[in-house]
Amino acid sequence: MLTYTLKRLLQAIPTMLVVITLSFFLMRVAPGGPFDGERQLPPEIEANLKAAYHLDEPLPMQYLRYMGNLLQGDFGPSFKYKDFSVTELIAQGFPVSLEIGGLAILLALLLGLPLGIIAALRRNSGVDYAVMGVALAGIAVPNFVIAPILALVFGVLLAWLPAGGWNGGALPNLVLPVIALSIQQIAYIARMMRASMIEVLGSHYIRTARAKGLSERQVIWRHAIRPALLPVTSYLGPAIAGIITGSVVIEQIFGIPGIGRYFVQGALNRDYTLVMGTVVFYGALIVLMNLLVDLLYSALDPQIRYDD
Amino acid sequence: MTTDTTPYSGHNMSGGAPPAGGTPPGSPSPPTEPDPEAGAVAGESLGRDAWRRLRQNRAAMVSLVLLIAIAAACLIGPYLLPWGLAEVDWSAFNAAPSLESGHLLGTDANGRDLLTRTLYGGRVSLSVALVASFVSLVIGVLYGAISGYVGGRLDGYMMRFVDIMYSLPFMFLVILLMVVFGRNIFLIYAAIGAVEWLDMARIVRGQTLALKQREFIEAAHALGVRDRKIVTRHLIPNAIGPVIVYVTLTVPKVILLESFLSFLGLGVQEPLTSWGVLISEGTDMMQSAPWLLLVPSLFLATTLFCLNFLGDGLRDALDPKTR
């Protein structure tokens, strides 16, 4: 297990190198520099600024310097949020994004799995059709459509919950964003769980379990659910990536001060260092999450051993 | 799944052919028999068979009709409507949908007809969907077919590259790309197409690897058929089923991706518009003019819905295992 983990971490290195290199050079070929303001700076001042940010060095030097700083967790200064380093901005935004994203994943699992299981057990019943119909709607309607409609209905028309804002993470402010973020994943997870549950229930060992006289409850809880969870587990990686991506728009819509919003603001303001820092950070996060999901998968599936 | 038929019964179009359960799953493909007239004739029969099966799927057919209707409306509609894309009606700002004013679905904050804009936006969204899916199709099929057919060490390297690409946070790289190079519809085509080819490459490679081993390919080799002809006559027609299915599933993803970018303000630029742009504008106005949000959302959701249904239907129609 440990060797496998180390091996996977080593494999993550080229991926991260590609991410960093790609974003670094994309940023450098961008037309215009960070100091192209409304006012033309006097050449001496611009030269000084460039020197201060080491932008006057040859490109390979800059690249190595950026890599070196990254290794120390330094993403460089933000060009637009003066006085803030990108690291500080990420450190500010990440707890907020983590809270929303974590709750969304939790909600997706807590609702998606039971819904899928129930639909599979009552296959072709009204319940099944209802769950699958709603799930299909959840897949077809993107979260940036669901979010404003939720805000309109529950925030404005019914005025049960705040339509936006963060308010230090108060519970009422969390409800709508978390729901909007998780709906699509609830739908996917319910569909996958239903499909894999149906497949497992049709397998021979379930027939054996029934034949030896186990109660239906034991069959389902002890024998069916765990193997049925496997495909859903392997979907968790994409699900987490989807929630991270989704959080970008959700934070924007609900005005939540997470990384996603910094990312969009940075993108619109052409705050290159901020955008790049966020891309690298998210990249690392997704790679790490995929690794965790694979380890979880191996823990659930006794047929997989990562010994060598 | 009740009207189980062998692929060849596609020739008799009576539909109610009796179950001829002779074909074991996994050896479906009619155009593969090395019989002299195999190529064109049998290739058609695969398509005809799939079409017959698809027609029995009501959800897929309704979706297909709706999709054609939406596409036709987006193509033709703007010519029939009296307003232009950016034309301002000075007597109607934020007007609610009404028959009298002629703004069937209302106007936006700048007095522009919403139906007209939604249809123009649909052109952009659908064109992105088609072009980007096509880009991903071409890259994916070529990459996968070469990797699978050549095999060996090259295959290993090519697939390792795909693995690395897979774990990239693509969404963010695309956004970075849009930021750096500015908002440009051709860039959107290319960027999204370049993101979506990975799955296609894997699917085609898997197909090619599996087909390469089969007897009919060996038979073709034995008969002295040249490599190129084997690929075009025997490999590609057989790999095409999963590819078509995957394309129909790629299209909604691409539409979604484009809307997502546009929603964030990184998609197409004024005066052009797309469903994502309209939804984003509608979100800002949803309290005073909810139709601005609802109309483009409805178009987008319907299209995605239908594409998903159609994709599922095509998968059932083309997948030999469900025969």
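**Exercise 1. Describe how helix 9 of chain A and helix 11 of chain A pack, and which residues make the contact.**

Solution. Helix 9 of chain A and helix 11 of chain A (residues 272-300) pack at an angle of about 175°, with their axes 9 Å apart; here axes are lines fitted to C-alpha atoms, for helices over the stretch in contact, and angles run from 0 to 180 degrees between N-to-C directions. Helices themselves are DSSP runs of H or I with at least four residues, strands are E runs of at least two, and both are numbered from the N terminus. The angle makes the two helices of chain A roughly antiparallel, given that angles over 145 degrees count as roughly antiparallel, under 35 as roughly parallel, 65 to 115 as roughly perpendicular and the rest as oblique.

The next step is to list the residues in contact, a term that requires C-beta atoms, placed from the backbone, to lie within 7 Å. Helix 9 of chain A contributes residues including R226(A), L229(A), T233(A), G237(A) and I244(A), while helix 11 of chain A contributes others, among them Y282(A), M289(A), N290(A) and L300(A). By class, the residues of this contact divide into 14 nonpolar, 4 polar and 1 charged, where Ala, Val, Leu, Ile, Met, Phe, Trp, Tyr, Cys and Pro count as nonpolar, Asp, Glu, Lys and Arg as charged, and the others, Gly among them, as polar.

**Exercise 2. Establish how far the model can be trusted, chain by chain.**

Solution. This is a predicted model, in which local features need pLDDT of at least 70 and side-chain atom pairs count only at pLDDT 80 or more, whereas totals for chains, interfaces and linings use all residues. Residues are numbered from 1 along each chain as its sequence is written, and chains are lettered from A and ligands numbered from 1 in the order in which they are written.

The pLDDT is the predictor's confidence in each residue, from 0 to 100. Chain A averages 82, with 94% of the residues scoring at least 70; among its elements, helix 2 (residues 43-52) has the lowest mean, 76, and helix 4 (residues 86-121) the highest, 89. Chain B averages 74, with 75% of the residues at 70 or above, and its elements range from helix 1 (residues 38-55), with a mean of 64, to helix 7 (residues 215-222), with a mean of 86. Over residues 1-43 of chain B the pLDDT is below 50, although this stretch has 58 contacts in the model beyond near neighbours in sequence. Where pLDDT is low, the predicted coordinates should not be read in detail. For the complex, the predictor gives an ipTM of 0.76 and a pTM of 0.76.

**Exercise 3. State what elements each chain contains and what share of its residues is buried.**

Solution. Chain A has 11 helices and 0 strands, and chain B has 10 helices and 0 strands. A residue is buried if 20 or more other C-beta atoms, placed from the backbone, lie within 10 Å of its own, exposed if 12 or fewer, and partly exposed in between. On this criterion, buried residues make up 38% of the 308 residues in chain A and 44% of the 323 residues of chain B.

**Exercise 4. Explain why helix 9 of chain B is largely enclosed, and find what surrounds it.**

Solution. Of the 10 residues of helix 9 of chain B (residues 275-284), 9 are buried, so the helix is largely enclosed by the rest of the structure. Among the buried residues are W275(B), L278(B), E281(B) and T283(B). They pack against helix 6 (143-157) and helix 9 (216-254) of chain A, together with helix 3 (114-150), helix 8 (227-263) and helix 10 (291-318) of chain B.

**Exercise 5. Characterise the side of chain B that touches chain A.**

Solution. In total, 31 residues of chain B are in contact with 36 residues of chain A. Helix 5 (170-181), helix 8, helix 9 and helix 10 of chain B each supply at least two residues of this side, and helix 5 of chain B gives the most, with 8 residues. By class, this side of chain B has 24 nonpolar, 7 polar and no charged residues.

As a last step, turn to the opposite chain, where helix 10 of chain A (residues 259-269) has 8 of its 11 residues buried. What covers those buried residues includes helix 4, helix 9 and helix 11 of chain A together with helix 5 of chain B.

Terms used
Contact = placed C-beta atoms within 7 Å.
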